[in-house]
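Student: Got a minute to walk through this one with me? I'd like to start inside and work outwards.
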Amino acid sequence: MAARSVTLGIDLGTTSVKAALLEAAPGHPRGFMVLASCSRATRAEAASSAAGPQGREQDVSKIIQALNECLAALPQDQLRKVRTIGVSGQMHGVVFWKTCQGCEWMDRGAAPVFEPRDVSHLVTWQDGRCSSGFLASLPQPVSHLSVATGFGCATIFWLLKNSPEFLKSYDAAGTIQDYVVAMLCGLERPLMSDQNAASWGYFNTQNQTWNLEILKVSGFPVHLLPDIAEPGSVAGITSHGWFEIPKGAQVGVAMGDLQASVYSCMGQKTDAVLNISTSVQLAASMPMGFQPAQTPDPAAPVAYFPYFKKTYLGVAASLNGGNVLATFVHMLVQWMADLGLEVEESTVYSRMIQAAAQQRDTCLTITPTVLGERHLPDQLASVTRISSSDLSLGHVTRALCRGIIQNLHSMLPFQQLKEWGVERVMGSGSALSKNEVLKQEVQRAFPLPVSFGQDVDAAVGAALVMLWRNLNQKES
């Protein structure tokens, strides 16, 4: 009896890389089994020489190092069975490279790996170099989505104005997940799904095209824009053996991490998916045939992102999630260092969650928008209703977790979910999976049944898209 093939899912997140191995299991309630999974922190933050303190960049070499560590940690006998690879990752960001020179393949011990070569830093979705004034100076897109700082096309416009020589060094661009797919397959031109293209701005989801004429008039380097392909369709095959994965394995066009998480978690159309990782997204499926208005509304807290099979997700995407908790932890560690005490951030995090779990309620109110929001870019955080009885670590942490959920709830209220027919909330993401207090606040905010998934949901979703695609092709 022939060995069953295995599907590998990869998710290239803001703070970690995740991988999961899946196998079809007809007798299983969900139709598949997760054979193994792995997560590795990237620790890839890098200084931005051009944008200064407003810049948010990551070292691509460190991201790929974390990816290699994930692959090395997975069962090698299962990797030998991999015939299909699905890839997802952080949307909006942009990385540049030289065609056919973006990486070098080498044997590290018995495992072939690729290492980045002529590649820029990744400018992430958190990048703040594009001020409100700069964004207002850009041409109006022909799209239902506004353009915000951290969006790929906005970043390229900024570089065109402030660092034109930088752009001349490269002839290809994409999200970090598009880069990985291009390297695995040896693509001469990068491919990008409409999910990732929409997240860059200046992309019309109805006709699946970039706003080329508008961009050309503004001098935008349109040759950097990737070709468009359906998410989850086959981008190519692996051009080399990769760890134990054989040469010739199919690789899917990269997806957005939001869409991959939703695909993994949404058991039925009436589910909403709440993902809390570095940032937060609350997404629900729009009915078949739904088309968003083609005029962008920068002040709207809910945006509509392409999903699969020409459908859309209604999404409240908050910039303030696990990163706010990380900022709070870093502040506490820094305060203690200033007082002559040294303590690990991981210790502070676990202690503060324990304290908040014991403090079930608080009158303290924290609006946690330290990063603003795309629809309110100039909004900052605030603390109100401060009393001497609510200043313990438990009170402050409870209020902070509550504030993250309440901020999201203000963007997409429960009443709107109900109008969309939502009957259940499915929770996912690394920050939510590790934080019991956040889970309690989710259950408090949404008077619906709530279920919680795993840290590797996006990697599982990326694999699932490819797994079901191949099974459907075999059946047809």
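Tutor: We'll take the cores, then a helix, then a few single residues. Keep in mind that this is a predicted model.

Student: Which residues touch the most other members in the largest nonpolar core?
Tutor: Leu8, Phe114, Tyr179 and Trp242 do, out of 50 residues in that core. Helix H6, residues 176-185, gives the most to this core, with eight residues. Another core, of 47 residues, lies apart from it. Phe151, Phe157, Met192 and Met266 are among the residues of that other core.

Student: Back to Trp242. What is it in contact with, leaving aside neighbours within four places in sequence?
Tutor: The contacts of Trp242 include Leu8, Ile10, Leu67, Leu71 and Ile85. Trp105, Pro112, Val113, Phe114 and Leu184 are also among them, and so is Asn68.

Student: New topic. How many residues of helix H15 are buried?
Tutor: Seven of ten, so H15 (residues 436-445) is mostly covered, where buried means under 20% relative accessible area. The buried residues are Val437, Leu438, Lys439, Gln440, Glu441, Val442 and Ala445.

Student: What covers them?
Tutor: The cover includes strands S19 (271-276) and S26 (450-452). It also includes helices H10, H11 (345-358), H12 and H14 (430-433).

Student: And what happens at the start of H15?
Tutor: A side-chain oxygen of Asn435 comes within 3.0 Å of the backbone nitrogen of Val437.

Student: Where does Gln443 lie, then?
Tutor: In H15 too. Gln443 counts as partly exposed because its relative accessibility is 45%. Not counting residues up to four places away in sequence, Gln443 touches Val450 and Phe452.

Student: How far apart are Gln443 and Ile405 in space?
Tutor: 9.9 Å, C-alpha to C-alpha. In sequence, Gln443 and Ile405 are 38 residues apart.

Student: You listed H10 as cover. Is Asn323 of that helix buried or exposed?
Tutor: Asn323 sits in H10, residues 322-338. Asn323 counts as buried because its relative accessibility is 10%.

Student: What does its side chain reach?
Tutor: The Asn323 side chain reaches the backbone nitrogen of Gly321 at 2.7 Å. Beyond four places in sequence, Asn323 is in contact with Trp125, Gln126, Ser277, Thr278 and Leu371.

Student: Now the outside. Which residues make the nonpolar surface patch?
Tutor: Val383, Ile386 and Leu391 make a patch of about 290 Å².

Student: Where is Ile386?
Tutor: In the loop between strand S24 (382-384) and helix H12 (393-411). Ile386 counts as exposed because its relative accessible area is 55%.

Terms used. Residues numbered from 1 in each chain as written. Predicted model: local features only at pLDDT ≥ 70, side-chain atom pairs only at ≥ 80, totals over all residues. Heavy atoms only, no water. Patch = residues over 30% accessible without salt bridge, like charges linked within 9 Å, V, L, I, M, F, W, Y side chains within 5 Å. Areas by Shrake-Rupley, 256 points an atom, 1.4 Å probe, with all protein chains shown as cover. Salt bridge = Lys/Arg side-chain N within 4 Å of Asp/Glu carboxyl O. Helix = DSSP H or I, 4+ residues; strand = E, 2+ residues; numbered from the N terminus. Buried < 20%, exposed > 50% of the residue type's maximum accessible area, 1.4 Å probe, protein only. Polar contact = N/O pair within 3.5 Å; in protein donor to acceptor, adjacent residues only side chain to side chain. Contact = heavy atoms within 4.5 Å. Core = buried A, V, L, I, M, F, W, Y, C linked by side-chain atoms within 4.5 Å.
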